[in-house]
Amino acid sequence: MDQVVNGAAQPPRRLVVGISGASGVIYGARVLDALNELGVESHLVITRAALLTLSQETDLSPDDLTAKASVVHRLNDVGATIASGSFRTLGMIVAPCSVRTMSEIATGVTSTLLTRAADVVLKERRPLVLMVRETPFHLGHLRTMTALAEMGATIAPPLPAFYARPNSIAEMVDQSVGRALDQFGLDWAAVRRWEGLKGPNDAE
């Protein structure tokens, strides 16, 4: 149910989370962890390729991953709540986002619930954040990302922030996840914020 503030209905604190088959499934897992910590309802949809990546890159089982979500939707369930713009959300994040998923969203010819949900978010003018995982990019990739940016999506490749002085891969992952969640106005404590340049007398 929507919250009412000063007589106006506010969007529910719920976020759609898509996990596609690109390398970096841990980003999606940590997004779900962050939303749990922040008290935000998560609506998860996972591709089959993502489940394959999960088995190759982590020790998590599919049940471990889905247990992190508030609601799990089947990939082929085109009748799911997140397939309709009338179902209010804060937006959607795809973490990680494969080139195939990115390209399908850009064309608007959606074949799964994941890309349909992303299309819905775009048409409703809600934030769509794509943590695209690919390198190097060829011209077709760049043109697709330009088209998505023109539609209103945010392209947020998970790049390490070395100013945060990460001590582990886990810290680098969390920094990228937290910065992506910033796009929805969600402030996750795991993010290390820039505090300005340090002079020689400020060195740690």
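A residue is called buried here when its relative accessible area is under 20%. With that cut-off in hand, the predicted model may be read from helix α5 outward.

Helix α5, residues 113–123, is mostly covered, since eight of its eleven residues are buried. The buried positions are Leu113, Leu114, Thr115, Ala117, Ala118, Val120, Val121 and Leu122. Just beyond the end of α5, arginine 125 adopts a positive phi of about 60°.

The same helix leads to an internal space. The structure holds one cavity of 30 Å³ or more, and the volume of the largest cavity is about 40 Å³. Around the largest cavity stand Val16, Ile82, Ser84, Phe87, Thr89, Ala117, Val120, Val121 and Arg126. Helix α5 contributes the largest share of this lining, namely three residues. By character, the lining of the largest cavity comprises six nonpolar residues, two polar residues and one charged residue.

The nonpolar interior comes next. The largest nonpolar core contains 30 residues, and those with the most contacts inside it are Leu15, Val17, Ile19, Val31, Leu35, Ile93 and Leu181. Two or more residues of this core come from each of β3 (14–19), α1 (25–38), β4 (41–46), α2, β6 (92–97), β7 (128–132) and α7 (169–182). Among these elements, α1 gives the most, with seven residues. Separate from this set is a second core of 26 residues, which includes Val45, Val94, Ile105 and Leu130.

Leucine 15 illustrates how the largest core is connected. Apart from neighbours within four places in sequence, leucine 15 is in contact with Leu35, Val40, Glu41, Ser42, His43, Leu90, Gly91, Met92, Ile93, Leu181 and Phe184.

A charged residue, arginine 14, also belongs to strand β3. Its relative accessible area is 12%, and arginine 14 therefore counts as buried. The side chain of arginine 14 forms a polar contact of 3.1 Å with the side chain of glutamate 41. A polar atom of the arginine 14 side chain also lies 2.7 Å from the backbone oxygen of arginine 88.

The description now turns to an open space. The second largest pocket encloses about 240 Å³. It is lined by 13 residues, of which Thr47, Ala49, Arg100, Thr101 and Thr112 are the closest to its centre. Helices α2 (48–57) and α4 (99–107) each supply at least two lining residues, and α4 gives the most, with three. The lining of this pocket divides into two nonpolar, eight polar and three charged residues.

Threonine 47, one of the residues closest to the centre of that pocket, is placed in the loop between β4 and α2. Threonine 47 is classed as buried because its relative accessibility is 12%. Its side chain reaches two backbone nitrogens: that of glycine 21 at 3.4 Å, and that of alanine 50, which lies 3.1 Å from a polar atom of the threonine 47 side chain. Leaving aside neighbours within four places in sequence, threonine 47 is in contact with Ile19, Ser20, Gly21, Leu75 and Leu114. Two of these contacts tie the pocket to parts already described: Ile19 is among the residues with the most contacts inside the largest core, and Leu114 is one of the buried residues of α5.

Conventions. Residues are numbered from 1 along each chain as its sequence is written. This is a predicted model: local features need pLDDT of at least 70, side-chain atom pairs count only at pLDDT 80 or more; totals for chains, interfaces and linings use all residues. Side-chain values use heavy atoms; hydrogens and water are left out. On a 1 Å grid over the protein atoms alone, a cavity is a set of points where a 1.4 Å probe fits but cannot get out, and a pocket is an open set with protein on both sides within 12 Å along at least five of seven lines; lining residues have an atom within 4 Å of a point. Grid points are joined across faces, edges and corners, and a volume is the space filled by probe spheres set on the points. Helices (H or I, at least four residues) and strands (E, at least two) are DSSP runs, numbered from the N terminus. Ala, Val, Leu, Ile, Met, Phe, Trp, Tyr, Cys and Pro count as nonpolar, Asp, Glu, Lys and Arg as charged, and the others, Gly among them, as polar. A nonpolar core is a set of buried Ala, Val, Leu, Ile, Met, Phe, Trp, Tyr and Cys residues joined through side-chain atoms within 4.5 Å. Buried means under 20% relative accessible area, exposed over 50%, partly exposed in between (1.4 Å probe, protein chains only). Contact means heavy atoms within 4.5 Å. A polar contact is a pair of N or O atoms within 3.5 Å; within protein, one must be able to donate a hydrogen and the other to accept it, and residues adjacent in sequence count only if both atoms are side-chain atoms.
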